[in-house]
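These are my notebook entries on a single structure, written in the order in which I looked things up.

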Amino acid sequence: METNAYRGRLNGPHETATPGLAVSVSSSLALSRMAPSAALATLLAIFSLTLAACGGGGGGGPATSTSAALQQYMQGPQIPSYALGAIGASPTGGVGQARGQGVSVAVIDSEIDDGHPDLRDAFARDGDGNAIGRNVVAGHDDTRPVAQRLRKPRPHIKENATADERRQAEQQIDTTFGRSISHGTHVAGIIGARDNGFGGVGVAPEAKLVPITLFRDHDSVQYNRYGLVDLNNSDLPEWNQRVAASVNYATSRSVFVINNSWGFTWFPYEIRSTNNRASVPYYFRLPNFFLKVDPVARMDLHRRIFDAGAVAAWERAVANDTAIVFAAGNDGWNSETGKHKIFSSPLLVNGQHRAWKDYRNDKVLDYISTESRRVSVVDGSDSVVVPGNIPDLESSYFVTNDRLRGSWLAVVNVNKQKIISRWSNGCGIAKDYCLAAPGTDIKSTFVRGEKQDDGDETNPNPDGDVDDKAGDGYGTYSGTSMAAPMVSGALAVLKSKHPQMTARQAVKAVLCTATELRESGRTGVTKRTDDAAVSACAASNDTGNGLTYIDGWTPSEVYGHGLLNLARALRPIGPTRAAAAGAFGVAAAADTRVAFSSAFGNAAPSQELDFGGLDMFGRVYRFRAPLQDRVMPGPRLAGVMAMTAAPPPVVMGRGDGVTTLLRRSTNVDSAIGEGGVISYLGARSRTDLALVNRRTGAALSPAALLRQGDDVAPVWESLAPQARDIIGTSSDWQMAPKLHAGVFFSRATVAAATQRGESYSVRDYGVSSRIGSRAGGVEARLGRMNENGRFLGSRPEGGYALARPTRSDYLRLRASHRLAPGLSVGAEWLRLRARVDFRHDGFVRDMALDARAAGVHLAADDLARDGDRLVLHYGEPLAVTGGVMRQTSVTGYTSSGAYRATTRDLDLAVRKRHRMAQMIYQRPLGGQVSGFAAAAHHRNWSHQGGLTNNLVMLGLSIEH
């Protein structure tokens, strides 16, 4: 059976640039300039790379002997391929911690040197150290090159080799004209060469490779270069059986990716150009699929390249969550740089396609540009338009099988300049699921052997070096065969980073994140790679017209979706949601944060709180929850002055034993704020009604000390610096000569409790009792504060959002005692307990918070002259003293690939309490003029450890 199996370009100019990499293959352009004997020698060199006998490891295990040259090469340094950087991978393979670990990749190809130092750890092995794989050509599980197999065959293989294989082995051992082209070994190294400090390194250096021998890696002169040209070919059933066996074996090994660097050209017809060259017609071949004018017939032909068994195998693999990667072929059918060989003599004899060996000496007349043109078929068929980009039919097979669509990728080859190789096919009909990847001059592993030189200096490559040298275990190739494993390795890296990712998701990820490569003459919008555009692509459903891009961008006929960008594919795609236990998204990860009020100080923000989020593919990413703290603003001189000049009450009326008083101010910094307070005083009762537009909080202002014995400051003043739309009422009844009881209620819109500055509503209500007078007695308030969407002024968002308003119950005690006329002491104590109900219980549990405030003061009236007042105070503002926010989220994966949930506790208790010592002295100076002096010392301002504030103020106030 003769096949055109290789998808590595074996007739492009390739040379090594590293000591120890001694592979040079001459350009086929030279064929048009050489004598027939020289052309023959060149062609033999094109398809033959020298392989010397090498030490065979036991049954394919680690080699027991290594050539001196290879040992020297193993001393390092490791030289990565330029292609790793081009696709966004690390110079040592993978990206970060994602290196292909835990992922299996099937390499359906030729034999592989599984004992190569860069590959020996890339394979799963049985108890005897043999690489686990399948040789569907020979019908056993030894996937090494035949020369290695015959040196030390595996004991369980009774028929070690056929006579033909023995002849091939002898040719391989005879290093004068080595016959191995190291195709499978080279492809395997691109995917999974180990990061071991020497040689090269693969895209996924920790992936496990499953070697499957579909075709033999030996004397390519025996191959019919154009192989299976007709669906009636007698070899086709056997070939399909091999394909089915290969794919079924890969599926049995639970691989995530199947790499296919092979395919056929399917050329049953030759084309004679409608334009003569110097009045001489020229001939070339075109895949028969594109000669069919009838679309139904064309699709039927495409559908039949695989028989039922092979199709079932492919469909089974895809159903088993496997991505299929195919090389797009190396026939030069691309409209950007593509060149295709043309011949001066017909390639058909009596309508029969000649074997490749029969026309290998034919002169290559030239190369035709593969831009679209109208050509005629020799047999007289109607003229057809030749597409400018024609991928191999295998690589585009998903076009005629919807069950494979979405899991099947075609890959074209670009060079270091990110331009498609002139030998590479373009994406063409495969463009909806086609990528570009580096495949030109790729250094990778070769079958090990001594370097040899046949001494034929008449056979130079363009740089004058002999071209039949074989690299001692390493070499350079070009072709879509080399580009395809770049993508296969990238898919393995994606899977290793995110074990829950499906093959279809991985395929979509690399397509949507690919970097556009724009061919000449392309117009229209440019492919966007911002989050919105990538998300839109990833969220689209392919209904037969491909993935949908924002702004209507469509894939290129040449490059498909563009250049593989592994780094971008690994970043989150689509809306990323904070993930609760059970791996379900609860809220946008970007919005999951907490802005804390000053009651928490910097206790919580000084800690790190990570959580896991899932992108639209269910991939886990770690996020750090933004935690902001609030520093309360210090008192302003204008505010202190406004508070020291408290407006006197105005009698509005008297009647029925009730006196109505009004206190009114237009200053937001005053004790009242911008608004008024109406008081109704009865013989044994008092009711106050406050209607205030705006008011500045004064919990940290020394002027607030002048209110001692008067109004009770609301709790919100300890959380926020300002409020508006305040409505409040309180009633007090005398139950006995020294016993009072009351109720109170207030509602306000509080602002700037956090750095975010937004407003929220607060309700405060409860009951009170007092023994004695306000100036000398004990008062207790039992209250509840309800905060809408906040807890103690803090704003939780996203995954931390609240299910209902926070309920904070508190007990507030105030006591004062007269020590002597004009001299009194007092104390205040507040304890609060908040119950916080979070909306997403699976992400963050409900919690309880404890907070406290305390202070003592000494007040002296008429100290130096009548009407003056001195107040000394020591206090601790409201601070959270206990509380833990417990969060559980998906933060990674277990060793089995399942989601792993992590619980984190955030201690919310303040570590450094704000402590303050304050003094204010107020004295009338005569008439409507009074003066004041204030001083204060604050340690750990706003509960921020080490933040100290000192305050000194002097002022005059004039009432008018």
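Before reading any accessibility, I fixed the classes: a residue is buried under 20% relative accessible area, exposed over 50%, and partly exposed in between. With that cut-off, D551 at 49% goes down as partly exposed. I also noted that I am working from a predicted model.

Entry 1, the chain as a whole. I looked up the secondary structure and found 15 helices and 43 strands in the protein chain. Of its 960 residues, 57% are buried. I then took the contacts with a separation of 6 or more, and 71% of them join residues 24 or more positions apart.

Entry 2, the nonpolar cores. Which residues touch the most other members of the largest nonpolar core? I found W262, W314, L491 and L494, in a core of 124 residues. Helix 11, residues 480–497, gives the largest share of this core, with 10 residues. I followed L491 further and, leaving aside neighbours within four places in sequence, listed its contacts as F256, V257, A323, V325, L409, A506, V507 and V510. A second core, separate from the largest, has 52 residues, and among them are A580, A589, L609 and A853.

Entry 3, helix 11 against helix 6. I turned to the packing of helix 11 with helix 6, residues 183–192, where the axes lie 8 Å apart at an angle of about 35 degrees. I recorded the crossing of the two helices as right-handed. On the helix 6 side the contact is made by H183, H186, V187, I190 and I191, and on the helix 11 side by S481, M482, P485, M486, S488 and G489. Sorting the residues of this contact by character, I have 6 nonpolar, 5 polar and no charged.

Entry 4, salt bridges. How many salt bridges does the structure hold? The count is 45, and I looked at several of them in turn. As background, side chains of opposite charge can pair when their charged atoms come close.

I began with R405 and D432, whose side chains meet in a salt bridge at 3.0 Å, N to O. The pair links distant parts of the chain, 27 residues apart, with R405 in the loop between strand 15 (384–386) and strand 16 (408–414), and D432 in the loop between strand 16 and strand 17 (434–438). Are these partners buried or exposed? R405 has 11% relative accessibility and so counts as buried, and D432 is likewise buried because its relative accessible area is 14%.

Next I took R528 and D551, which meet in a salt bridge at 3.2 Å, N to O. This pair also links distant parts of the chain, 23 residues apart: R528 is in the loop between helix 12 (503–512) and helix 13 (531–539), and D551 is in the loop between helix 13 and helix 14 (566–570). R528 is partly exposed, with a relative accessible area of 30%, and D551, as noted at the start, is partly exposed at 49%.

For D861 I found a salt bridge with R869, where the closest N and O atoms are 2.6 Å apart. D861 itself is partly exposed, with a relative accessible area of 30%. I also recorded a network of salt bridges that links D114, D141, D142, R144 and R154.

Entry 5, around P153. I placed P153 in the loop between helix 4 (146–151) and helix 5 (163–173), and its relative accessible area of 33% makes it partly exposed. D142, a member of the network above, is 11 residues from P153 along the chain, and their C-alpha atoms are separated by 8.3 Å.

Entry 6, backbone angles. Most residues other than glycine have a negative phi, so I noted two exceptions. D441 has a phi near 55 degrees, a positive value in a residue other than glycine. It lies in the loop between strand 17 and strand 18 (442–445), and D441 is partly exposed, with a relative accessible area of 29%. The phi of D656 is positive too, near 55 degrees. I located D656 in the loop between strand 26 (650–655) and strand 27 (658–665). Where does D656 stand on accessibility? At 84% relative accessibility, D656 counts as exposed.

Notes: Residues are numbered from 1 along each chain as its sequence is written. This is a predicted model: local features need pLDDT of at least 70, side-chain atom pairs count only at pLDDT 80 or more; totals for chains, interfaces and linings use all residues. Side-chain values use heavy atoms; hydrogens and water are left out. A nonpolar core is a set of buried Ala, Val, Leu, Ile, Met, Phe, Trp, Tyr and Cys residues joined through side-chain atoms within 4.5 Å. Buried means under 20% relative accessible area, exposed over 50%, partly exposed in between (1.4 Å probe, protein chains only). Helices (H or I, at least four residues) and strands (E, at least two) are DSSP runs, numbered from the N terminus. Contact means heavy atoms within 4.5 Å. Axes are lines fitted to C-alpha atoms, for helices over the stretch in contact, and angles run from 0 to 180 degrees between N-to-C directions. A crossing is left-handed if the near helix is turned anticlockwise from the far one by less than a right angle, and right-handed if clockwise. Ala, Val, Leu, Ile, Met, Phe, Trp, Tyr, Cys and Pro count as nonpolar, Asp, Glu, Lys and Arg as charged, and the others, Gly among them, as polar.
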